[in-house]
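Colleague: Please take a close look at one part of this model and describe how its helices are arranged.

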Amino acid sequence: MSNAVVTTQNSSTKGLAGRYLTFTLGGDNYGLPVMNVKEIIHMSPITPVRRMPDYVKGVINLRGAVIAVIDLRLKFAMPAADYNDRTCVIVVTVPGVGGERDLLMGAIVDTVEEVIMLSDADIGPTPEFGVPSDTQYMLGVSTLNGSVKTLLNIEKIFREEGVVALLAADPTPF
Amino acid sequence: MSNMMTIQSRMLVTVGMIISLALVMIGGVVYGVNRMNIAVESVALNIVPSLEVLDSIKKDIYFTNNALMRSSVAIDPNEIQKHRSNALSFQNKLTEDVKKYDPLVVDDEDRRLYEEVRRTVSEFELAVKQTSSLDSSGAEYDRAVEQGAAVAAEAVVSAVTASWNYNIKLSMGDAASAKSTVSNVNIGSIAGLLILVAMSGGLLTWLVRTTSSALGSVSNSLGNGARDTASAASQVASSSENLSQGAAEQASAIEETSVSLEEISAMIRSTADNARKAKSLAGAARTAADNGANSMDEMKNAMAAINLSSSEVAKIVKNIDEIAFQTNILALNAAVEAARAGDAGAGFAVVADEVRSLAQRSAAAAKETADKIDTAIANSRRGSECTATVGASLTEIRSSVAAADQLVGDIAIAASEQATGISQITIALNQIESISQSNTATAEQSAAAAGQLDSQASTMRDLVRKLDGLLGRKSSSHFDSLSGAAFNRPKPVSRGVAVARRPRSEALQRPSLMRPDAANEMIPMPELPSEGHDGFRPLSN
């Protein structure tokens, strides 16, 4: 059995078609549903907040609104990187649970690519790895244009606590 | 003792003794002759005049007496007067003659007899005087005459005769003494002559013997000295020949050395020229390196300017890129909003896409430009690195050129010092050469001196032979037969030519003829007179 990404029509991937905002993180491509994205801004000074997990960098001031930002690299247990002029903060809208209003949170990513339209055919299910791993964060995998994009589940990322071993088992694009 | 006397003194002694002997002999003869002369004189100057005077006295007496007798006999008064005057005159003469005898008296006996004569004469005179007073015709007169005067006359005559006899005796004595003197003189002369001859012979023999022995020893010494001189002369000649040969070899070695020195000199000169050229080339290289360094500096400045402009352009490009990025983000935001707006935002989505594509184009262009800039900067950096490398190379070149310049300077100094040293060596070589030439001249001189010495030695040998001949000795056999023929003067050494050694065979040929064992090789010429070939005869004298 190969670890190749198989694009198959899967009911688990139904309903994933749509527009995705692609970004890079640690050299890998990821995607977020556009619906979750509020806006994209440059890096701005972060005010650190104490007694938070290390991937919670702090808060930023977005036109008067204070938004918590997390470093997705640290969140995905990647080595931290310095912030450069390409580093962006994707302001995502995390749907509220149980009647809460939607949360605005920021995710620090390396670069923002584009908004692409993905059809069902382009999205494949999360591949099966021979190793039991935490793949809740992955909505699926897209192989558009030959590059593998991991589609992320916002709620899972921003809601769930815990160390993510996802990207530790990220398959290398071939 | 007699050896210490010089020949002069010996001869003086001999001659002096001979002469003194002769003088003694002559003195004896002279003395004898003087004695004989005395006797003769006595006879001649005394006896004979005495006898004459006595004879005159006697005659005077006779005549006087005769005159008186005649006067007494005569009858004629004139004759009587004449005879008496004659008697008077004879008497006066008698008186004078008696006086004449006075100085002739020789001794006491003669004086006594003379006094006797005078006495008798004075008695006669008295008697005559008595007669004069008488008349001549008287018998008293005759008596006076006959007895007085005649007797007195006879007394006178006897006295005169006694004196005459005495004088005769004296003369006989003189004659006898003269005879004895003559015989003494004869004997003495003969004896003295014999003694003289004997002593002369003895002295002359002594003189000759001692002189000849002294001269003989001197001749021996001279002969030895001549032989030694000849041998020394031959040694000197051989040493001077060696010296001249050594000087010749020295001269040829000097010639070779000076040729080598000239070559070295030429090489040093060319080295110095090359050093000068190298120095000038090094200077040109340094100048070029300096120029290169200056150009390098300019290039660095240009590159720095390029970098500066590139970095400024890069900044601008970066600005553009940022703008494009921002625009992209805006476009993305717009697309997001459009997507969230759904269908209402479709047109907006298109606009957002277009904007996004524009932004991407800008970004692409900016990226391209940035790439170009990067390339340019990389090229510039490469150029800088090359510049740095070239600069380092140029610096190395400069330092190497400086070092080379220094070395070339040292080479030039060393070359000049070498040239100085070479010139000093040349001067020293010239000195050595002149010394060598003077050595050769000295060798020639000493060879000439040796030849002269040898000729002097042979002359001395001849003189010694003559001396021996005079002395009546045989020529000593210690005379070697080496003659001056063994001495060839060394030929003058010419400069710059390796003088071949003089063939010694011809120098030794003639001496070989003179060796005793070479007599067999001689062509026998017994008939020819051997005078003048003494030195060439084999040593078989």
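Modeller: What follows is about the helices at the start of chain B, with some context on the chain at the end. This is a predicted model, in which local features need pLDDT of at least 70 and side-chain atom pairs count only at pLDDT 80 or more, while totals for chains, interfaces and linings use all residues. Residues are numbered from 1 along each chain as its sequence is written, and chains are lettered from A and ligands numbered from 1 in the order in which they are written.

Helices and strands here are DSSP runs numbered from the N terminus (helices H or I, at least four residues; strands E, at least two). Helix H1 (residues 7-73) of chain B packs with helix H3 (residues 108-133) of chain B at an angle of about 15°, their axes being 12 Å apart. H1(B) is therefore roughly parallel to H3(B); angles under 35 degrees count as such. Axes are lines fitted to C-alpha atoms, for helices over the stretch in contact, and angles run from 0 to 180 degrees between N-to-C directions. The crossing of H1(B) and H3(B) is left-handed, that is, the near helix is turned anticlockwise from the far one by less than a right angle.

On the H1(B) side the contact is made by B:Ile57, B:Ile61, B:Thr64 and B:Leu68, and on the H3(B) side by B:Val117, B:Phe124, B:Val128 and B:Thr131. Two residues are in contact if their C-beta atoms, placed from the backbone, lie within 7 Å. Six residues of the contact of H1(B) with H3(B) are nonpolar, two are polar and none is charged. In this scheme Ala, Val, Leu, Ile, Met, Phe, Trp, Tyr, Cys and Pro are nonpolar, Asp, Glu, Lys and Arg are charged, and the others, Gly among them, are polar.

Helix H2 (residues 77-101) of chain B has buried residues that pack against H1 and H3 of chain B. Among these buried residues are B:His83, B:Phe90, B:Leu94 and B:Tyr101. A residue is buried if 20 or more other C-beta atoms lie within 10 Å of its own. The 25 residues of H2(B) should span 36 Å at 1.5 Å a residue, and the end C-alpha atoms are 35 Å apart, which agrees. The expected span is 1.5 Å times one less than the number of residues.

As for the rest of the chain, chain B has six helices and zero strands. Of its 541 residues, 23% are buried.

Key. Angles under 35 degrees count as roughly parallel, over 145 as roughly antiparallel, 65 to 115 as roughly perpendicular and the rest as oblique. A residue is buried if 20 or more other C-beta atoms lie within 10 Å of its own, exposed if 12 or fewer, and partly exposed in between; C-beta atoms are placed from the backbone.
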